[in-house]
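I opened this one to see how the protein holds its ligand. A few backbone oddities went into the notes as well.

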Amino acid sequence: MSKFKWCFIGTGKLANHIAEEILASGRHEIVSCYTRNPDNGRAFADKFGCTAYEDAGDAINAEGVEGVYVVTPHNAHKRFVKLALEMGKPVLCEKPFTVEAKDTDELIALSKEKNVYLCEAMWTWFAKPANTVKEWIDEGRIGAVRSARFTYCINSINYAPRVADPRRAGGALLDITVYPITYAYRLFGNPVKIESRGLIKDGIDLWDEIEMEFSKGEKVRMRASIVDYKGMERMVIKGEKGRISAPFYHFGQRAKLKKSLFFGETFKGTGSGIGYLPEFDTVSSEIREGLKESRMVPLKATSDVMHIIDTVREQIGLEYPDLE
Ligand SMILES: NC(=O)c1ccc[n+]([C@@H]2O[C@H](COP(=O)([O-])OP(=O)(O)OC[C@H]3O[C@@H](n4cnc5c(N)ncnc54)[C@H](OP(=O)(O)O)[C@@H]3O)[C@@H](O)[C@H]2O)c1
């Protein structure tokens, strides 16, 4: 099987990390890239053996491109996804899909109109651990779920300048709170009640605390923060007949199902984190298969999560200024 040929839009921190991982597999190739600053584009091209273009359309249109990976800050996702879809190219776009749900829905409608593959790069759900937790719950292994608690507190405000920048839709909600929201949605569906509060400073939310109720009475609490480590990253789900817990649930390899003091089971993956390769392997084979959306991360999930995020943003009173 020939290597899958990608165009990268955005050549920042994550793009570099992913390029190293997928190229090392021998199953992927990056043929073109585009970024705002041409010097950065050229440096990426030199490092990973692709061609840098000063126009996004030219990069997308480069010979052989089979899929476009959009990995810019959040505010720029919509523009490049739209461009690629209009050019008839399949797209994998980083989370959060867009800044607002209406833009996500517009892009989904465009992908359907053009009949072109579109997918959110919500990597957690391309890998085995989260899907195993979902199977345990769907099979009733811990009985009816009563409550769950998710924390994702990582003090990441200085990870990249975009995280603290309101003009690039920075802050906790779109950068990290999107993970526990997606996790709860994937396990329990759309919430019937959402109550949120957050701390907003200098135009971004520094932390969010959210309580949700779901249709079968499941009560979920979550806290995500880009300025502290309170609670770290952990998930605990309590059911009538047991509990499931996992550290680093959005990328970790381990999840534990406990029925009693002595009975339970542990899902142990490779131990080194899920990595991004399962996502790129799956998406590239789905594109070659001719699918128009992913089996692992359906577009309805992306849209529903973005609508939940809209509600949370409204409840915490977060408004982005003019985006860049
Ligand atoms: N799935 C995950 O685990 C994960 C992890 C980290 C980040 N992410 C997501 O990945 C995306 C990128 O994050 P990052 O940390 O890599 O950010 P980053 O280091 O700031 O890189 C952003 C890249 O996008 C380019 N860019 C910025 N604004 C642009 C614009 N208006 N037009 C075109 N290019 C633009 C930058 O270009 P120049 O620097 O050349 O100007 C840079 O190449 C975000 O959506 C983030 O949420 C996901």
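**Ligand site**

I checked the pockets and found that the ligand takes up the space of the largest one. A pocket here is an open set of points on a 1 Å grid over the protein atoms alone, where a 1.4 Å probe fits, with protein on both sides within 12 Å along at least five of seven lines. The ligand counts as sitting there if more than half of its atoms lie within 2 Å of the grid points.

Caveats for myself: the model is predicted, local features need pLDDT of at least 70, side-chain atom pairs count only at pLDDT 80 or more, and totals for chains, interfaces and linings use all residues. Residues are numbered from 1 along each chain as its sequence is written, and side-chain values use heavy atoms, with hydrogens and water left out.

Next I listed the shell: 26 residues surround the ligand, and T11, L14, T35, H77 and Y276 come nearest (near means a heavy atom within 4 Å). I sorted the shell into ten nonpolar, nine polar and seven charged residues, with Gly counted as polar and Tyr, Cys and Pro among the nonpolar ones.

I then looked for polar contacts, meaning pairs of N or O atoms within 3.5 Å. A ligand oxygen is 3.1 Å from a polar backbone atom of G12, and a ligand oxygen lies 3.3 Å from a backbone N or O of N37. On the side-chain front, Y179 puts an N or O atom 3.3 Å from a ligand nitrogen. The protein buries 89% of the 910 Å² that the ligand exposes when taken alone (Shrake-Rupley, 1.4 Å probe).

Among helices (DSSP H or I runs of at least four residues), α4 (74-86) gives the most to the shell, five residues.

**Backbone oddities**

I noted a cis peptide bond from K95 to P96, omega near -20°. N155 has a positive phi of about 45° without being a glycine.

Notes. A polar contact is a pair of N or O atoms within 3.5 Å; within protein, one must be able to donate a hydrogen and the other to accept it, and residues adjacent in sequence count only if both atoms are side-chain atoms. On a 1 Å grid over the protein atoms alone, a cavity is a set of points where a 1.4 Å probe fits but cannot get out, and a pocket is an open set with protein on both sides within 12 Å along at least five of seven lines; lining residues have an atom within 4 Å of a point. Helices (H or I, at least four residues) and strands (E, at least two) are DSSP runs, numbered from the N terminus.
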